[in-house]
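Please open the model in your viewer and keep the selection tool at hand, since the tour moves from one selection to the next.

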Amino acid sequence: MDTLKTLVVGCGNMGTSHARAYHKLQGFTIVGLVSRGAKSRERLSQELNGIPTYSDYDQALEQTKPDVVSINTYPDTHFDYVKKALQANAHVFVEKPLALTVKEAQGLVELAHRQKKKMVVGYILRVHPTWTQFVQMAQTLGKPLVMRMNLNQQSAGEQWHTHKQLMQSMSPIVDCGVHYVDIMCSMTRSNPISVSAIGARLSGEVDDKMYNYGQLQVRFEDGSVGWYEAGWGPMMSENAFFIKDVIGPKGCVSISDADKGASEDIEGHTKTGSLKLHHSTLDADGHFAKKDEIINTADEPDHDQLCLLEQEYLLDAITNNRDLTNHLNDAVNSLKIVLAADESVKTGKTVLL
C-alpha cells in the first residue's frame, strides 16, 4: 500500500503528539503542517525533519491534496475544517468534539458516508488499555450502575491560558465531559433519557456568558445514573480532583491516579495508577467473602503512545475498510448529552432526551 499523504492542522499539544504518530507509522507521510502561529509549526517542522508549513488551511488543502487531514485545532473550527477536508475527498481524524452542535455533527457524519471516507473522532480513552479494562470490569457489577467521575484542574500560566481559549467556545463539562459520557454509555450499553446540570463562573477572566465550573447528572433507561464534574482555573481545589468510581449491586471498581499530578495536566484525564475491584458478597457470618483486588497499571502508555494507538486505529479503518457507524453514532450521542447539560445549566431545567 502507498503511504497516505497526511495534512496536520494545529501544532499545539494534541497536533504535536498526533504528528509524531504519523511520522512514526509507515502507513502515513506528512505533507504539511498548518497553524495560525508560526512558532509552533516551525518548531514541529524542525523536529520532524523539515516538513512544509502553512498558515492558511485552504491553501494547504489545495496544494498538498492530502489523503488524510488531521484536525487538532480549537473546537469552533472543527465543523468548517472537517467539511472542507471531506469535500476535498480526504479521510479525517478530528479531535473531540466533532462539532459545536448536534445538527452540525450529524451533518458531518452524513457527509463522510456520502463521500465514502473514514472519519475518526479523538476519544483517547477508548484506546487506553486501563480505561478499556475499567469499562469491562464495570460491566461485571450488575445493573443499575452508579458512575461517579470528575476532573477538576487547578491551572495557571500556559495551562490557564489554554483553558480560557477553550472556554471561548465551550465549558469544561462540554469539552472534557464528552470523554466521560462516552465511557458511561460504553459501561451501561443503555440509552440516556435525561440530563440535569449546574454551573458557576468563578473568574472575571471568563466571559460572563460562560462558566468554568460545572456538574452534570445523566439518567439511563436501565436505571443507571452518572455524575460528572469539571472545573478549570487557578481557584480550583485539588482536594478531590480525580474520582473515577463505578458502583453496582455486585461491588465497585475504581481508578486511582496514584498522585500523578493530573490536576494541573491538560491531558490528565488519561492518567491512572491502579484499578481497585471490590466485591459486595458476604459470607455466612456477614463479613466480606473476598478481599479487594488491586490491578497495577504502572506500565500505562504515555500521551504520545496513546495518540499513536489512535492513529493505528485510523490506519486500520482506512486500509481494512472498517465500519465506523457505531464509533460515529457514539460521538454524536455523547455530544448530545453534554450539550443538553449546557442547556440545563443555562435554563435551570432538566433536559429530556
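Begin by selecting helix 6, residues 129-138, together with helix 9, residues 177-188, and bear in mind throughout that this is a predicted model. The two helices pack with their axes 9 Å apart, at an angle of about 40 degrees, and that angle makes helix 6 oblique to helix 9. If you turn the view to look across the pair, the crossing in which helix 6 passes helix 9 is right-handed.

Now show the side chains where the two helices meet: helix 6 contributes Trp131, Phe134, Val135 and Ala138, while helix 9 contributes Tyr180, Ile183, Ser186 and Met187. Keep Trp131, Phe134 and Tyr180 selected and add Tyr228, because these four residues form one aromatic cluster under the criterion that ring centres lie within 6.5 Å.

Within this cluster, zoom in on Tyr180 and Tyr228, whose rings are stacked, with 4.7 Å from centre to centre and 20 degrees between the planes. This pair links distant parts of the chain, since Tyr180 belongs to helix 9 whereas Tyr228 lies in strand 10 (residues 225-233), and the two are 48 residues apart. Are these two tyrosines, Tyr180 and Tyr228, buried or exposed? Tyr180 has 0% relative accessibility and therefore counts as buried, and Tyr228, also at 0%, counts as buried too.

The structure holds five aromatic pairs, and another to select is Tyr22 with Phe28, where the ring centres are 4.9 Å apart and the planes stand at 70 degrees, so this pair is edge-to-face. Both Tyr22 and Phe28 are buried.

For a ring with a charged partner, go next to Phe242 and display Lys244 beside it: the charged end of Lys244 sits over the ring of Phe242, at 3.8 Å from the ring centre.

Finish at Arg322, which you will find in the loop between helix 10 (303-319) and helix 11 (325-347). Arg322 counts as partly exposed, because its relative accessibility is 40%. Which residues does Arg322 touch, if those up to four places away in sequence are not counted? They are Lys118, Asp316 and Ala317. Of these, Lys118 is worth adding to the selection with a distance label, as Arg322 and Lys118 are 204 residues apart in sequence, yet their C-alpha atoms are 8.4 Å apart in space.

Conventions:
Residues are numbered from 1 along each chain as its sequence is written. This is a predicted model: local features need pLDDT of at least 70, side-chain atom pairs count only at pLDDT 80 or more; totals for chains, interfaces and linings use all residues. Side-chain values use heavy atoms; hydrogens and water are left out. Rings of Phe, Tyr and Trp (its six-membered ring) pair if their centres lie within 6.5 Å; planes under 30 degrees apart count as stacked, over 60 as edge-to-face and the rest as tilted. Buried means under 20% relative accessible area, exposed over 50%, partly exposed in between (1.4 Å probe, protein chains only). Helices (H or I, at least four residues) and strands (E, at least two) are DSSP runs, numbered from the N terminus. A charge sits over a ring if NZ of Lys or CZ of Arg is within 6 Å of the ring centre and within 35 degrees of the ring normal. Axes are lines fitted to C-alpha atoms, for helices over the stretch in contact, and angles run from 0 to 180 degrees between N-to-C directions. Angles under 35 degrees count as roughly parallel, over 145 as roughly antiparallel, 65 to 115 as roughly perpendicular and the rest as oblique. A crossing is left-handed if the near helix is turned anticlockwise from the far one by less than a right angle, and right-handed if clockwise. Contact means heavy atoms within 4.5 Å.
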